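This briefing concerns a predicted model. It addresses salt bridges first and a helix pair afterwards.

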Amino acid sequence: MNQQLIDSTVEEKRLHQNKNHEKFWYRWGPYLSERSWATVREDYSFNGDAWTNFPFEHANARVFRWGEDGIFGVSDNKQLVCMNVALWNGKDERLKERMFGLTGPQGNHGEDVKELYYYLDNLPSHAYMKALYKYPFKKPFPYKELVEENGRRGYEDLEYEIYDIDGLFKDSKTGDSPYYDVFFEMAKDDENSDELNFRITVHNRSEKDTGELYIMPQIFFRNTWAFESTNKCVKPVLEKDSEDSNLIHVKHPKFGETQIVFQPSPGGFGEDDADEAEDIDPELLFTENESNLVKLFKEKENPSKYTKDAFEEYLVNGDKKAVNPENVGTKAGACYHFKNIPPGEYVTVRYKFTDDFKNKIYHVPGMAVVDEDEFDQTFDRREEEADNFYWRINPLPVSEELRLIQRQAMAGLLWTKQFYNFVWREWYNGDRNAKVKPPPNRANGRNKKWQHMYIEDILSMPDKWEYPFFASWDSAFHCIPLAMIDPEFAKKQLDLLTREWYMHPNGQIPAYEWNFNDVNPPVHAWATYRVFKIERNLYGREDRPFLESVFQKLLLNFTWWVNRKDGNDNNVFEGGFLGLDNIGVFNRSEPLPTGGTLEQADSTGWMAFFSLQMLNMALELAKENPVYESIASKFFEHFILISDSMSFEYTVEGDEKGCVDFIKQNLWNEKDQFYYDAISWGDDNKQQLPIRSLVGLIPLYAAMTLEPGIINRFPSFKKRVDWFVENRPEIFGRNIASMSKRGVGERLLLSLVTKERLQAILTRMLDENEFFSDYGIRSLSKFHEKHPFTMEVHNSEYEVSYLPAESNSGMFGGNSNWRGPIWFPTSFLLIESLQRFYLYYGSDFKVECPVGSGEYLNLVEVAEEIAYRMISMFIKDENGERAIYYGEHSDLLSNDKNFKDYISFYEYFDGDTGRGLGASHQCGWTAVVAKLINDVGLSCARLPRTPRSSVSLSSATSPSLTESPIVDGNQSRRWARRKSAKSLVNFTANILELSEEEKRTHRIGGTKTGLTPRNSISSDLAKELIDRQNEEEKLLDVHSSDEEEHLEIKSNLVNNLKNEIGDISLEDRTISYENIDDSAYDSDGKDPMTK
């Protein structure tokens, strides 16, 4: 089905046009930040205190140097022309031009946005975008209360959220909801990528109160002219039309002239007065995007008579002289004043930005207008195209609830793109014509060694408010779901971070702007190869130049790791905090208070993982260039040496009697059967730190199977492998890499752990009293809840205890916690690792899951179970509540008719309850839930939020497959997901994006059980429909030059499949099985279920 659906949607056509530079669909998108104030780039202080140097209170009146922000901001890809939305309810102390939140020092758990908004839809080309902002109107927005109450709370307290304030979104006495739902949409023209249509629809959700509202769409230029190094800069201009009161001419040197027209808004409500009421005409206001230095810093004069804060002064403070009466400037707004919006009613604002104004904007006396019917139909078409595109990405008959979660995860991922601008020379030394230069050694020398950096790109942000800057390992995870919908953009992200204007000349990849020198886990190679494989399997394209280009630059990065982070040259690595913030007993980015060096199990595990990913890529490239065989051999050797050093110290000492081997444990603890960090003071002086954390699970990431056919295909590589097996028996005798013992299908396994150690680690990981939560894998064992690890150093006590929710300290700002919560990126890699182990060990290797249940699962079933638990956080339980909203307001956020379908993608999650924590719009790495839904969503017949079965209950008779999938929480839940061995192999191969050749190899080597899955009803329907379309598809051979006809035929396929598969009941989706022989497999070895 996948091959049939490739290039079947209008959106894919747009992406092809953009790639081939036929049309520039990427030019306009949601590229404004949600917070440019209090960022490192805007910090010009001596001490590097970014939070106070540019506070929120300055943002409305002070020009940003490096990038603009705003509510649902849209701009071109260099952020020259910007548009956003401003709101005022007639009561607030300020015009709502940007999202409000607390700074790091203000929040009791670090910085935190204090607004309610949701990303609802978006396409990779941004031809359609939709978002929602919830704006209270009965009470003023509680700026002061949010700051003061959070300031009173400590680390042990919950954060004070905006929905904690009674009467904003729900009045406890009346039950009313006195707020506005502000829906923002943008739709591009059918053919013109530079024509943008905007629609704002505001609903009064109160059932009792009428509300007042000012809606002001804004357009402005990023202030570049004040910072230009020459006087040749041509200043752009916005100017009101001389005849039409609602039309603005937009003149910018790069884009020439464009126009933006603000359509009058219908003024009536209901059928009685809708036709008779007068329209609400916009009032156009103009000012300059210049700082109000007199107001902010008590200077004698401003650089311009009209300043950035003019609209706030005009509306909120009543200063009518604040705006430019000549109706010209570099910032403009169209103010729609709705004096009374009745309960339950809505208003609509429409406006269009276009360079084709001669054909798309019409004129009546004194006003410009657009065809509203055609305008709204454009939105209808874009919405339908978005539906088709996302159905094409996941055509399986998963539940609508899962589709909702997946769609909003993807939408958030696309909404959190941002123009990121940073030029070190200008930032560190100050602009050439700036009146005030940065202080010497500015910001305490922050990022002083990154003088080569020159960035002006669209990047995927972790969270555009809380983390409005790139973070290298976050970006790698973003690219996995991004590759499903826009592989070109995903590849661009991975390539950029290895380019010479990002990567340090020494090979280090920059971490994030607070400290580019920090070290993030080396996941770039994994993401690169994963994106390559996803594109191959979903879109039928192999971008080998991309793979080779990034691989070559990652060679530099690997060398940097080996040279800089292996201080003792023993293949045991340091690395600092490695993205895990407070997971250790000490701050791992600082010198140890004990002295010595911290040898890190996770850092060494990451490097083994890095080695295997580079080995994978080298073998892939060797298929067409034999030079890469020798490079593959090099990474094979690196892995072997790291794997041995991870668990053993191996020395040879000689005397007159000969050589004697000395082998002792290194980071592996034989008694506890777990990996720990260790402090080394040199020689034999070493102390392990027995903390059961994710640090001890990360070594599982380093696992890779080698197929006999693959090895035989590369004789040079095979020769090197054979040499190691024969000449280094001291390594293979310990079976660290599992090389001498063949697995299923005679394949080999490269792994840091033996089978026995794997089983021992999984015994802890799958114990619900340790790592295994109802919602995934905890970052710290629950064992430490009653048994905290303590260590006294120089009369100071250091402690690590289980903290399932927020951190209890300010380490790393206090806004994240790795001592118990569940994190999606690290859990996603664990799931992948178990799937790879399954390909080696097969269905016979089973572990008790969960420990104590009496239920034994093979490793791919364990991986599936973890994925189910992670997805279940977002799914409504039997009470209709989502675990991510666990707490006092769960009923409001999960069940209220105006909240229930909106999902927040948090940064991390409570290890006990699943409650969302940290950044509330972490649509980056948490969006990997979209990939999990693609992988296992079809078999998500149940997603319980209840404990697993006990030993006594697990032996009870399982219900039949025809019964309802929702069963009692105490019964065994495995019955709906049993699969044959061959089916499991195929299922795993698909999830890991193996090539067809690799899939055939695994199927041939699989265990024969006699169990073969029968096609589900949806699969049979799909096959029938595709056959029905074949006659139409043959036309493509005849009319291959007619692109429109090609696309229409493909679109028919999508629509037919959607109509006939989409309505299949949940019972029909359940996969059933019967005992038949292996002849059910086609001659090509393909599983009929997959076909």
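Lys331 and Glu97 are both buried, and the two residues form a salt bridge in which the closest N and O atoms are 3.1 Å apart. Their pairing joins distant parts of the chain, 234 residues apart. In total, the structure holds 71 salt bridges.

**The Lys331–Glu97 pair**
- Lys331 belongs to strand β16, which spans residues 331-341.
- Glu97 is found in the loop between β3 (81-88) and β4 (101-102).
- Each partner is buried, that is, under 20% relative accessible area.

**The Arg915–Glu806 pair**
- Arg915 and Glu806 form a salt bridge whose closest N and O atoms are 3.4 Å apart.
- Arg915 sits in the loop between β37 (908-909) and β38 (916-917), and Glu806 in the loop between β34 (796-800) and α25 (824-841), so this salt bridge ties together parts that are 109 residues apart in sequence.
- Both Arg915 and Glu806 are buried.

**The Lys138–Asp209 pair**
- A salt bridge connects Lys138 with Asp209, with 3.2 Å between the closest N and O atoms.
- Because Lys138 lies in the loop between β7 (128-136) and α5 (143-152), and Asp209 in the loop between β9 (196-204) and β10 (211-221), the pair ties together parts that are 71 residues apart in sequence.
- Lys138 has a relative accessibility of 40% and therefore counts as partly exposed, the range for this class being 20% to 50%.
- Asp209 is likewise partly exposed, its relative accessible area being 22%.

**A salt-bridge network**
- A network of salt bridges links Glu11, Arg14, Asp190, Glu374, Arg381, Arg382 and Glu385.
- Side chains of opposite charge can pair when their charged atoms come close.

**Helices α15 and α16**
- Helix α15 covers residues 487-496 and helix α16 covers residues 524-539; their axes come within 10 Å and cross at roughly 165°.
- Angles over 145 degrees count as roughly antiparallel, and α15 and α16 are therefore roughly antiparallel to each other.
- The crossing of α15 past α16 is left-handed.
- On the α15 side, the contact involves Pro487, Glu488, Ala490, Lys491 and Leu494.
- On the α16 side, the residues met are His524, Ala527, Thr528, Val531, Glu535 and Tyr539.
- By class, the residues of this contact between α15 and α16 comprise six nonpolar, two polar and three charged.

How values were computed
Residues numbered from 1 in each chain as written. Predicted model: local features only at pLDDT ≥ 70, side-chain atom pairs only at ≥ 80, totals over all residues. Heavy atoms only, no water. Axes fitted to C-alpha atoms, helices over the stretch in contact; angles between N-to-C directions. Helix = DSSP H or I, 4+ residues; strand = E, 2+ residues; numbered from the N terminus. Parallel < 35°, antiparallel > 145°, perpendicular 65-115°, else oblique. Left-handed = near helix turned anticlockwise from the far one by under 90°. Contact = heavy atoms within 4.5 Å. Nonpolar A, V, L, I, M, F, W, Y, C, P; charged D, E, K, R; others polar. Salt bridge = Lys/Arg side-chain N within 4 Å of Asp/Glu carboxyl O. Buried < 20%, exposed > 50% of the residue type's maximum accessible area, 1.4 Å probe, protein only.
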